[in-house]
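User: I should like to go through this model and ask what each descriptive term rests on. Please set the values against the definitions.

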Amino acid sequence: IPSPLPRHHVVLWDFGAKQNIIRKLHALNCDLTIVPASTTAARILSYSPDGIMLSNGPGNPKDNPAIISELSHLCKSGIPIFGICLGHQLLALSQGARTEKLKYGHRGANQPVIDLQSGRTYVTSQNHGYAVVSDSLDPAVGEVSHKNANDQTCEGVRYKNFPCFTVQFHPEACGGPQDTAYLFDEFIDMIKSSKEAK
């Protein structure tokens, strides 16, 4: 899907992607190549993307061992990655973390999330029944970047050994709060830095 003013090429790995992810990336001048969940890491890399978006999607993340395996290879590419919802969970599993089923899932457009770097609390849109187990993250690999203000569960991870961050909530949500739309800008900044370093 071409952008009217293309500056970057992003592969969107579609696990059940919301249309508004596409709209947000287009608004940031990204050409998009959308690939299905069954795509291999090698095929994704063959498109020579500037960045990779891991979409949202349904179900238990552990039910996707093939995707998790491909993600572990993709993370070695050095290409910036941004994951949302299921993409967030799958990326964590690929890096040795664990996920768990929540007793009460997070649903609705009024879920409070704390950005641990800024200390600011955002109102977010969410719809999931599983979460990354914070204590299962290897501190040498990644750290929790956001947490749910209600139950303290993991809502985001920033990785240390490759350019990647992921969030459990929906920064592309519409209608609903758009407090965290800035994360798309951070993804584009990561892509720009990666391209400048080449």
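Analyst: Val10 stands opposite Gly51 in S3. The model is predicted, so local features need pLDDT of at least 70 and side-chain atom pairs pLDDT 80 or more, while totals for chains, interfaces and linings use all residues. Residues are numbered from 1 along each chain as its sequence is written, and side-chain values use heavy atoms, without hydrogens or water.

User: What makes S1 and S3 a pair of strands?

Analyst: Strands are DSSP runs of E of at least two residues, and helices are runs of H or I of at least four, numbered from the N terminus. Two strands pair if DSSP finds at least two bridges between them. Strand S1 (residues 8-14) and strand S3 (residues 51-54) are joined by four bridges and run parallel, so the criterion is met. Trp13 stands opposite Leu54 in S3. On the other pairing, S3 and S4 have three parallel bridges, with Leu54 opposite Gly83 in S4.

User: Which strands are the edges of the sheet?

Analyst: The open sheet of nine strands has the order S2-S1-S3-S4-S9-S8-S7-S5-S6, with mixed pairing. Strand S2 (30-36) and strand S6 (121-132) each pair on one side only, which makes them the edge strands. From one strand to the next, the twist averages 20°.

User: How do you know that S3 is covered on both faces?

Analyst: Gly51 and Met53 on one side, and Ile52 and Leu54 on the other, are all buried, that is, under 20% relative accessible area with a 1.4 Å probe and protein chains only, where over 50% is exposed and values in between are partly exposed. By contrast, Ser48 lies in the loop between H2 and S3; its relative accessibility is 55%, so Ser48 counts as exposed.

User: Why are H3 and H4 called roughly perpendicular?

Analyst: Their axes, lines fitted to C-alpha atoms over the stretch in contact, come within 8 Å and cross at roughly 70°. Angles run from 0 to 180 degrees between N-to-C directions. Under 35 degrees counts as roughly parallel, over 145 as roughly antiparallel, 65 to 115 as roughly perpendicular and the rest as oblique. H3 and H4 are therefore roughly perpendicular to each other. In H3, Ile67, Ile68, Leu71 and Ser72 meet Leu90, Leu91, Leu93 and Ser94 in H4, contact being heavy atoms within 4.5 Å.

User: What does H3 touch in the sheet?

Analyst: Helix H3 (residues 65-74) touches S1, S3 and S4, and its direction makes about 155° with that of S1.

User: What makes a group of residues a nonpolar core?

Analyst: The members are buried Ala, Val, Leu, Ile, Met, Phe, Trp, Tyr and Cys residues joined through side-chain atoms within 4.5 Å. The largest such core has 29 residues, and those with the most contacts inside it are Trp13, Leu54, Leu71, Leu91 and Tyr159. Its largest share, five residues, comes from H4. A second, separate core of 21 residues includes Cys30, Leu32, Phe184 and Met190.
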